Amino acid sequence: MFEKIEVFEKRYDELNAKLYDPAVASDSEKYTEIMKELNEITPIVEKYKEYKAAVSAERDAKQMLEEGADDELKELLLDELKTSAADIERTGDELKILLLPKDPNDERNVIVEIRAGAGGEEAALFCSTLFRMYSMYSEKRGFRTELLNVNETELGGYREISFMVNGSGAYSRLKFESGVHRVQRVPDTESQGRIHTSTVTVAVLPEAQEVELDIDPKDLKIDTFRSSGAGGQHINKTSSAIRITHLPTGMVVECQDERSQFKNKDKAMKVLKSRLLSEKREAQSSAIAAERKAQVGTGDRNERIRTYNFPQSRVTDHRIGLTLYKIDQIINGDLDEIIDALITADRAEKLRNE
């Protein structure tokens, strides 16, 4: 492990030296590239310095004890040994986590797709609850949400809704949300107070980069149609909505949020590329399935990952056995406690497999 870190240390010094090169300073693209790499390795180098300082403190304390010390100094040195040993263990564990292979998609924007499952109108209403939850969470994290497509119901729910979350690290925070979300609550239309159980599927896809996927225009069938919905602003009189069919796979994507046909087409292509890229990655390597399993569950859409029980104010994430009795805060976007626990469990699983 330490040989690997020393390579980072050497590279850290090289990069810092390059920043003082006038040729680099005048080349914004090169400067940005160096700063990006420097930002990636700086936490590792700084943590290693902290680790080495703890090792040095422990060594000095041991040496002074061996050379002899009065009772008062001996007590101080023994305390120093305990502190240093704890610091060595802590920083060593933190270094192991920093050295774990990073998900190359972590810093990307994401496309989130939410679809009503079992439960009819109640499932559609819970779709809108989850959309609101993710929107509020994104706002708290400084991310920006952009609606891509929505299919509304008469009661204000969504049969399906897709949106993009823009921001550095968006995928790293939301990738564990893929799967089946189950809700247990008493619907407003239920006169006898019976609890209904409904399900909603969530898919989280990293936004595809242009260089990763080349789609032949001949493989696309593009149709235009008039926007539809429950009424109001979602209905217009022009055929601005777009439906794109990828002929080789039969994959269909619709976008009708914008009044501009061009904007709808652009958004629909983003969704299509992200879906195709996701399928391509899964088909290319069975290692992806193993990786997803390591990420605290498979993330498969057929897997129930979380239950929201409104009568008990309880939210349970079944992958890590975490139960929180704060449903109101969670559906208002307070997701960090759950997401942080999932990230910690993911790291622990990866460390066990190292």
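The pLDDT is the predictor's confidence in each residue, on a scale from 0 to 100. For the protein chain its mean is 83, and 87% of the residues reach 70 or more. The structure is a predicted model, in which local features need pLDDT of at least 70 and side-chain atom pairs count only at pLDDT 80 or more, whereas totals for chains, interfaces and linings use all residues. Residues are numbered from 1 along each chain as its sequence is written, and side-chain values use heavy atoms, with hydrogens and water left out.

Confidence varies among the elements, which are DSSP runs numbered from the N terminus (helices, H or I, of at least four residues; strands, E, of at least two). Helix H9 (residues 327-331) has the highest mean pLDDT, 96, and helix H8 (residues 287-294) the lowest, 45. Over residues 230-236 the pLDDT stays under 50, and the model has 15 contacts (heavy atoms within 4.5 Å) beyond four places in sequence for this stretch. The pLDDT is also below 50 over residues 291-301, a stretch with 29 contacts in the model beyond near neighbours in sequence.

Strands of a sheet pair through backbone hydrogen bonds, either parallel or antiparallel; here two strands are taken to pair if DSSP finds at least two bridges between them. An open sheet of eight strands shows mixed pairing in the order S2-S3-S1-S5-S4-S9-S10-S11. Its edges are formed by strand S2 (144-152) and strand S11 (322-324), each of which has a single partner strand and therefore one side without a neighbour in the sheet. From one strand to the next the twist averages 15°, with angles running from 0 to 180 degrees between N-to-C directions and axes being lines fitted to C-alpha atoms, for helices over the stretch in contact. Seven bridges pair strand S1 (residues 110-116) with strand S5 (residues 196-206) in the antiparallel sense, and Val110 has Pro206 in S5 as its bridge partner. Helix H5 (residues 120-141) packs on this sheet, where it touches S1, S2, strand S3 (158-166), strand S4 (179-185), S5 and strand S9 (304-309), and its direction makes about 10° with that of S3. Helix H10 (residues 336-353) lies across S9, strand S10 (314-317) and S11, running at about 170° to S11.

An open sheet of three strands, with antiparallel pairing, has the order S6-S7-S8. Strand S6 (220-225) and strand S8 (251-255) each have a single partner strand, so one side of each is left without a neighbour in the sheet. S6 is joined to strand S7 (residues 241-246) by six bridges, and Thr224 stands opposite Ile242 in S7.

Helix H3 (residues 28-67) packs against helix H4 (residues 71-98) at an angle of about 155°, with the axes 8 Å apart. The two helices, H3 and H4, are therefore roughly antiparallel to each other (angles over 145 degrees count as such, under 35 as roughly parallel, 65 to 115 as roughly perpendicular and the rest as oblique).
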